[in-house]
Amino acid sequence: MTPIVREILANYESDNPGVKANLARILMQGRLGGTGKLVILPVDQGFEHGPARSFAVNEPAYDPHYHFQLAIDAGLSAYAAPLGMLEAGAGTFAGQIPTILKVNSSNSWATGINQAVTGGVDDALRLGCSAIGFTIYPGADDVFDMMEEIRELSAQAKSVGIATVIWSYPRGGTLSKEGELALDVGAYAAHMAALLGAHIIKVKLPTDHIEQKEAKKVYEGFDASTQAKRVAHVVKSCFNGRRIVVFSGGAAKGADAVYQDARDIRDGGGNGSIIGRNTFQRPRDEALAMLDKIIGIYQGQD
């Protein structure tokens, strides 16, 4: 184990050896192992958007084995997916890459801003997962139920040595569409995930917009002119960098934009990327080349 990983694990002062061992599995895995940087492949978009919208552009991606193999061959840190996706490759790929069981999910037809619990800690144990993953929607009317759900699930996970990843995506309530990606809102959402006991926090890259009128005065004079500076603010909001923070790849975009995001995350002190559609919706060779470039950026090669 490298000194930087030991330093990161030391920030989790209340956690038992099992949780720390599973965090270490993720932090020491793949080509970024030991650097404190992560690249994780999440494939939960089938629930959110449907199979055709997620996989038709790259038909081999309909097969769950495709994603396991992509994450392994690219030298990634972990692979995150809902229950059925992990079960479909659990035997073939057991022990080859740390997995994160996404234990709640939604779909594109629901009118409420909420997710159903679709997996449990017992499933994560059975499948040998290093962590559970859970989405909250700060701002939504149902977010308090979601917070109570992750409190119970996270307590169960910690008791058996499994780490917790929280996707914290602001939406709903009085938030405008622009406000969902606002700097003040993103930092607040990340802080909520830290307060809920997340070991790894997943948020979206913020814009320089300030949404909350109560926060505008606080942010007067704050330099949010670059994405790297905004990343640094989000990281600071997660207990001054005492929690692992990774940033979503977001909607499909051009390769240059994906690479610039990675540079800004690196330069802002973020721990890495959790990037799905921008890789698995490309042909395998292109996806591997893109992930190779992203890993190189986090290694300081670009």
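**Ser-248**

I looked up the contacts of Ser-248 in this predicted model. Leaving aside residues up to four places away in sequence, Ser-248 touches Tyr-169, Lys-202, Val-203, Lys-204, Leu-205 and Ile-274 (contact: heavy atoms within 4.5 Å). Ser-248 sits in strand E9, residues 244–248; helices (H or I, at least four residues) and strands (E, at least two) are DSSP runs, numbered from the N terminus. I noted Ser-248 as buried because its relative accessibility is 11% (buried is under 20% relative accessible area, exposed over 50%, partly exposed in between, with a 1.4 Å probe and protein chains only).

**Ground rules**

Residues are numbered from 1 along each chain as its sequence is written, and side-chain values use heavy atoms, with hydrogens and water left out. As the model is predicted, local features need pLDDT of at least 70 and side-chain atom pairs count only at pLDDT 80 or more, while totals for chains, interfaces and linings use all residues.

**Cavities**

I searched the whole structure and found two cavities of 30 Å³ or more. The search uses a 1 Å grid over the protein atoms alone: a cavity is a set of points where a 1.4 Å probe fits but cannot get out, a pocket is an open set with protein on both sides within 12 Å along at least five of seven lines, and lining residues have an atom within 4 Å of a point. Points are joined across faces, edges and corners, and a volume is the space filled by probe spheres set on the points.

The largest cavity has about 70 Å³. Ser-248 is in its lining, as are Leu-205, Gly-249 and Lys-253, among others. Helix H12 (residues 255–267) gives the most to that lining, four residues. I sorted the lining by class: six nonpolar, three polar and two charged (Ala, Val, Leu, Ile, Met, Phe, Trp, Tyr, Cys and Pro are nonpolar; Asp, Glu, Lys and Arg are charged; the others, Gly among them, are polar).

The second largest cavity holds about 50 Å³. Its lining includes Val-203, Lys-204 and Leu-205, each of which also touches Ser-248. By class I noted seven nonpolar, two polar and two charged residues there.

**Pockets**

The largest pocket has about 960 Å³ of space. It is lined by 39 residues, of which His-49, Tyr-169, Arg-171, Lys-204 and Arg-277 are the closest to its centre. Tyr-169 and Lys-204 are also contacts of Ser-248. The lining divides into twelve nonpolar, 16 polar and eleven charged residues.

The second largest pocket has about 360 Å³. Of its 17 lining residues, Pro-138, Gly-139, Leu-175, Tyr-188 and Gln-212 are the closest to the centre. Helix H9 gives the most, four residues. I counted eleven nonpolar, three polar and three charged residues in this lining.

**Cores and whole chain**

The largest nonpolar core has 88 residues, and Val-39, Leu-76, Tyr-79 and Ile-294 touch the most other members (a core is a set of buried Ala, Val, Leu, Ile, Met, Phe, Trp, Tyr and Cys residues joined through side-chain atoms within 4.5 Å). Helix H14 (residues 284–298) gives the most to this core, seven residues.

The chain has 14 helices and ten strands. Of its 302 residues, 56% are buried. The radius of gyration is 18 Å, which agrees with the value near 19 Å for a compact globule of 302 residues (taken over C-alpha atoms; the rule is 2.2 Å times the number of residues to the power 0.38).
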